[in-house]
Every structure is written in structure tokens, then in C-alpha cells.
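Trainee: Could we go through this one together before I write up my notes?
Mentor: Gladly, have a look at it here.

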Amino acid sequence: MRPVPLHSPWRDRRHRLYALLVWMLVGLLLTRPQTQTGVFIALGVFPLLGILALLLHRWWINRFARSNLMHAIYVGLVMLVSGGVFEAIQLLRPYLGEHFL
């Protein structure tokens, strides 16, 4: 008889699938795509960026868990990156405007 594993990889896979589906829904609700290209952009970009952000957050917290200085740097980097993303969205608005509401 095989021993029962204490940690099942299927549980992690199921949670990642749920996160992916939620990010897809968030992408569709935030962008309100008007064309099929807009739907593909919303379903492709938002889930990837959301999961990447969660993975980077987990890595940063595991690496620098108890450092107040590194936490302050983390908050500053998050603010810089979010400002850069909003600026990029404003610059891309003329090109993507026909696909989204």
C-alpha cells in the first residue's frame, strides 16, 4: 500500500485555477471590451499581470519578512509600479480605445 501524501499538489492547482478565473472576471469587468480583440486582451493581460503581482508579493514577503526598511521600500516600489501602469494605460488609450468602453 502506498502512503498518503501530506501535501497534495492538486489543492494548489485548484487554488491557482480559481485565482486565474477571478482575474479573468476582473479583467472583463474593469475593461468592458467592445470587440473580440478587446476580450482577448482582457482575458490575456489581466490574469497574467494579477498572478505575476501575487507571485512577486509572496516572494518579497518570504525574502524580507521582518525588515521594516524593506517593507517601506516594497510599498514605495508598489506605488511607482502602479503609477507607471496607469501612465502606460493613458499613453495606450488612443490605440486601445476602440476595443474598450
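Mentor: What follows is a talk about pockets, a surface patch and two arginines in what is a predicted model.

Trainee: Okay, what volume does the largest pocket have?
Mentor: The largest pocket comes to about 1,300 Å³, and of the 33 residues that line it, those closest to its centre are Phe46, Leu49, Val85, Phe86 and Ile89.

Trainee: And which elements give two or more residues to that lining?
Mentor: Those elements are helix 1, which covers 9–31, together with helix 2 and helix 3, the last of which covers 68–96.

Trainee: How many of the lining residues of the largest pocket are nonpolar, polar and charged?
Mentor: The lining of the largest pocket divides into 25 nonpolar residues, six polar ones and two charged ones.

Trainee: What about the second largest pocket, which residues line it?
Mentor: The second largest pocket holds about 230 Å³ of space, and its lining is made by Asp12, His15, Arg16, Ala19, Ile51, Leu54, Leu55 and Arg58. Helix 1 and helix 2 each supply at least two of these lining residues, and by class the lining of the second largest pocket has four nonpolar residues, one polar and three charged.

Trainee: Switching to the surface, which residues make the nonpolar patch?
Mentor: Val45, Leu49, Leu52 and Leu56 make a nonpolar surface patch of about 360 Å². Leu49 also appears among the residues closest to the centre of the largest pocket, while Leu52 lies in helix 2, which spans residues 36–63.

Trainee: Why does Leu52 count as partly exposed?
Mentor: Leu52 has a relative accessible area of 46%, and it counts as partly exposed because that class runs between the 20% limit for buried and the 50% limit for exposed.

Trainee: Now the backbone, what is odd about Arg32?
Mentor: Arg32 has a positive phi of about 45 degrees although it is not a glycine. As background, most residues other than glycine have a negative phi.

Trainee: Where does Arg32 lie?
Mentor: Arg32 lies in the loop between helix 1 and helix 2, and with a relative accessible area of 47% it is partly exposed.

Trainee: One more, how far apart are Arg93 and Pro33?
Mentor: Arg93 and Pro33 are 60 residues apart in sequence, and their C-alpha atoms are 13 Å apart in space. Arg93 is found in helix 3, and with a relative accessible area of 46% it is partly exposed.

Note on methods. Residues numbered from 1 in each chain as written. Predicted model: local features only at pLDDT ≥ 70, side-chain atom pairs only at ≥ 80, totals over all residues. Heavy atoms only, no water. Patch = residues over 30% accessible without salt bridge, like charges linked within 9 Å, V, L, I, M, F, W, Y side chains within 5 Å. Areas by Shrake-Rupley, 256 points an atom, 1.4 Å probe, with all protein chains shown as cover. Salt bridge = Lys/Arg side-chain N within 4 Å of Asp/Glu carboxyl O. Helix = DSSP H or I, 4+ residues; strand = E, 2+ residues; numbered from the N terminus. Buried < 20%, exposed > 50% of the residue type's maximum accessible area, 1.4 Å probe, protein only. 1 Å grid on protein atoms, 1.4 Å probe; cavity = no way out; pocket = protein on both sides within 12 Å on 5 of 7 lines; lining within 4 Å. Points joined across faces, edges and corners; volume = space filled by probe spheres on them. Nonpolar A, V, L, I, M, F, W, Y, C, P; charged D, E, K, R; others polar.
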